[in-house]
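Please study the sequence and the three-dimensional structure shown here. The exercises below are to be worked with both in view.

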Amino acid sequence: MSKIIVTIGKNGKASVKVEGLQDSSCLAKTKSLLKRLGIIRDQRVDPGVVVNVDEDIKVR
Amino acid sequence: MSHYTEQVMEISDRDALMAALADMGFTKDKVKTYAEPHALEGYEGDARKQRAHIILPRKYVGGSSNDIGFERMPDGRYRAHISEYDTHRYGKAWQDQLMQRYGYHVTLTDVDLIRDGYRVVEENKVGDAIQIVLSDD
């Protein structure tokens, strides 16, 4: 089971967190969602990462 | 004549933008859409040089207001055209709220996730933020 948690702040900035099973399919979809949200363009998404527009990718 | 300011927004999904505008009070009957960009109107009904594909007509923007426009750029993103006069009401706070509603609709309509069985299992308000939890369980 995978959980994708999307938080959108009142400033319109979003962050996405992935929990549970983080297979390549889930991460690809997360990356796609991040792009649609305008958070990233070509950044790498790895298991267990939190991506936030205000910060670089950081491993939890 | 009030000058227009331009703001490139991280918005590329037209349907999500329309849904976000509806959340902000600009329902479909209060929005004009064009396949080709159309000139914005100033408060006196004068055609301005700014053009847009999605226009919020001035009569719905407010008294003595000018049209607000969203112009689709070649890279797919939208550029907002808002007159200086209208930025007191449709400034950063309004634009931020629009982006929040846009992000909400982008997330809920992500076709890749929906096709693969992801669904919204939780939707919370966390302070001023919206939190959406999607799961494939």
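Three exercises with worked solutions follow, and they concern a predicted model.

**Exercise 1.** Determine which side chains of strand β1 (residues 2-8) of chain A are buried.

*Solution.* Begin with the general pattern: side chains in a regular strand alternate between the two faces of the sheet. Next, apply the cut-off: a residue is buried if 20 or more other C-beta atoms lie within 10 Å of its own. In β1(A), one face carries A:S2, A:I4, A:V6 and A:I8, which are buried. The other face carries A:K3, A:I5 and A:T7, which are not buried.

**Exercise 2.** Identify the strands with which β1(A) pairs, and give the sense of each pairing.

*Solution.* Within chain A, β1(A) pairs with strand β2 (residues 14-20) in the antiparallel sense, over 7 bridges. In this pairing, A:I8 lies opposite A:A14 of β2(A). The hairpin formed by these two strands has 5 residues between them, and A:G12 there adopts a positive phi near 85°. Across to chain B, β1(A) pairs with strand β7 (residues 129-135), again antiparallel, over 6 bridges. Here A:I4 stands opposite B:L134, and A:V6 has B:I132 as its bridge partner.

**Exercise 3.** Describe the side of chain A that touches chain B by element and by class.

*Solution.* First, count the contact: 19 residues come from chain A and 25 residues from chain B. On the chain A side, the elements giving two or more residues are β1 and α1 (24-36). The largest share, 7 residues, is that of β1(A). Finally, sort this side by class: 8 residues are nonpolar, 7 polar and 4 charged.

How values were computed: Residues are numbered from 1 along each chain as its sequence is written. Chains are lettered from A and ligands numbered from 1 in the order in which they are written. This is a predicted model: local features need pLDDT of at least 70, side-chain atom pairs count only at pLDDT 80 or more; totals for chains, interfaces and linings use all residues. A residue is buried if 20 or more other C-beta atoms lie within 10 Å of its own, exposed if 12 or fewer, and partly exposed in between; C-beta atoms are placed from the backbone. Helices (H or I, at least four residues) and strands (E, at least two) are DSSP runs, numbered from the N terminus. Two strands pair if DSSP finds at least two bridges between them. Two residues are in contact if their C-beta atoms, placed from the backbone, lie within 7 Å. Ala, Val, Leu, Ile, Met, Phe, Trp, Tyr, Cys and Pro count as nonpolar, Asp, Glu, Lys and Arg as charged, and the others, Gly among them, as polar.
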